[in-house]
Amino acid sequence: MTAAPASPLSGAEARRAARNAGAIAIARIVSNAALFAWQLALGRLLGETLFGVYGTVGALIAIGAVITSFGLGLIVIREVARRPQDAGRYLTAGLALHVILAGLAWLAMNALAFALGYPAEIRALTAVACIALLTDILGSVAFDQLIARERMVVTSGVEILTVALRIAAGAAVLLLGGGLLGLYVITIVTSLIRAAILWWFMLRSGVRPHWPFERRIARPLFVNALPLALGGLINIVYIQLDKLMSTSLLGATQTGYLTAASVITFGVVEILSTTVLTAVYPLMSRLYEPERDPEPFTFMVRKLAWFTLLIGVAVGLTFTVFAEAITVPLFGPNFAPSAAVLRVLIWYAAITMVVNVFAQA
């Protein structure tokens, strides 16, 4: 009689994995929903022109963030999970690399703003806003260490708290007349608070920087992350290029209309695609057994892609027909021209949702 194969996970490990996956899913859903609502509120608070400036600076920050992160976090998490005794060495190497990359990203984004011929106001805001590239990464190095130690409940709670604090403080600053400059200062301050909290939890877990800086750790870390960084940079430039060129060629007001339409399409993807994929990720992971029986996994992917396609087509047709009826209540009558942009971008969202299924698979 053949013995049943041993389970790769004990009961306690399975429960911990489920708890961690649930914490990540809840944090992502709550954070994305809050940020989506915040973007809608920003459109009304700022108006179409300043919202265009906000979208332009945000595009520069998004590109700079990919340069700063460089895909190092995924490699650090993998290596520290395998060799927890080297966590301090990876922390030091990652921190040094991130600081250098943040400086290069700050210079590159300010140079890009100048090269695209942006007015002095946008260049000045870019110079301030891109400081967050460094303050954010200070928290992210601790975040990665905690994830490697499977402290997902802690990190998820910190992320939700940070988003809530950033939105509340940002709204207060705008209502008091602080403008975009005040908003970016709040972003920097809240990212420092996030970093302080994450470092406190990391230090309590026993991880501390290990000096001196070791090239034997940093060099393979950089090399292994390079393909991820290049892929991420190409992807983010593709996504954000429209805002950068619109501001340069058409002005901030037109970019404001484009940003509003982009916010709606982002919300559609996050709510109808990212949320679902995050929720089913643990199940997909359990079904993936290519050496035993790949059919349950491929069946799930096919069905998920098919239903996502149906939803995407339905959403695309609905938003194409009722674009103005959707845009104006969300952003106000001044953003009515965004409806024309939304009619095009919604189909990008529909395609993206289907592609995301196969990307996750």
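# Helix packing and selected residues in a predicted model

Pro212 is situated in the loop that links α7 (179-204) to α8. The peptide bond running from Trp211 to Pro212 is cis, and its omega is near 5 degrees. A second backbone feature concerns Phe70, whose phi lies near 60 degrees, a positive value in a residue that is not glycine. Phe70 belongs to the loop between α1 (11-69) and α2. As background, most residues other than glycine have a negative phi, and most peptide bonds are trans.

The model is predicted: local features require pLDDT of at least 70 and side-chain atom pairs pLDDT 80 or more, whereas totals for chains, interfaces and linings use all residues. Residues are numbered from 1 along each chain as its sequence is written, and side-chain values rest on heavy atoms, with hydrogens and water left out. Helices are DSSP runs (H or I, at least four residues), numbered from the N terminus.

## Packing of the helices

Two packed helices are described by the angle between their axes and the distance between the axes. The axes are lines fitted to C-alpha atoms over the stretch in contact, with angles from 0 to 180 degrees between N-to-C directions.

Helix α2 (residues 72-82) meets helix α8 (residues 215-249) with axes that come within 8 Å and cross at roughly 130 degrees. This makes α2 oblique to α8; angles under 35 degrees count as roughly parallel, over 145 as roughly antiparallel, 65 to 115 as roughly perpendicular, and the rest as oblique. The crossing of α2 with α8 is right-handed (the near helix is turned clockwise from the far one by less than a right angle; anticlockwise is left-handed). On the α2 side, Leu72, Leu74, Ile75, Val76 and Arg78 make contact (heavy atoms within 4.5 Å) with Leu221, Phe222, Asn224, Ala225 and Leu228 of α8. By class, this contact of α2 with α8 has eight nonpolar residues, one polar and one charged. Here Ala, Val, Leu, Ile, Met, Phe, Trp, Tyr, Cys and Pro count as nonpolar, Asp, Glu, Lys and Arg as charged, and the others, including Gly, as polar.

Helix α5 (residues 132-148) packs against helix α6 (residues 152-175) at an angle of about 155 degrees, and their axes are 9 Å apart. The two helices α5 and α6 are therefore roughly antiparallel, and α5 passes α6 in a left-handed crossing. Asp136, Phe143, Leu146 and Ile147 from α5 meet Met152, Thr155, Glu159 and Arg166 from α6. The residues in this contact of α5 with α6 comprise four nonpolar, one polar and three charged.

Helix α4 (residues 120-129) and α7 pack at an angle of about 15 degrees, and their axes are likewise 9 Å apart. That arrangement makes α4 roughly parallel to α7. The passage of α4 across α7 is right-handed. Leu125, Val128 and Ala129 of α4 meet Leu180, Leu181, Tyr184 and Ile188 of α7. The contact of α4 with α7 contains seven nonpolar residues, with no polar and no charged ones.

## Accessibility of individual residues

The table uses relative accessible area: buried means under 20%, exposed over 50%, and partly exposed in between (1.4 Å probe, protein chains only).

| Residue | Place | Relative accessible area | Class |
|---|---|---|---|
| Thr68 | helix α1 | 2% | buried |
| Phe70 | loop between α1 and α2 | 10% | buried |
| Asp86 | loop between α2 and α3 | 12% | buried |
| Pro119 | loop between α3 and α4 | 45% | partly exposed |
| Ser246 | helix α8 | 10% | buried |

## Surroundings and separations

Thr68, a buried residue, touches His98, Leu101, Ala102, Ala105, Leu133 and Ile137, when residues up to four places away in sequence are not counted. Thr68 and Ala105 are 37 residues apart in sequence, while their C-alpha atoms are 6.3 Å apart in space.

For Ser246, the neighbours within four places in sequence are likewise set aside, and contacts remain with Gly251, Gln254, Thr255 and Leu258. The side chains of Ser246 and Thr255 are joined by a polar contact of 3.1 Å. A polar contact is a pair of N or O atoms within 3.5 Å; within protein, one must be able to donate a hydrogen and the other to accept it, and residues adjacent in sequence count only if both atoms are side-chain atoms.

Asp86 and Val207 are 121 residues apart in sequence, and their C-alpha atoms are 9.3 Å apart in space. For Pro119 and Ala225, which are 106 residues apart along the chain, the C-alpha atoms are separated by 35 Å.
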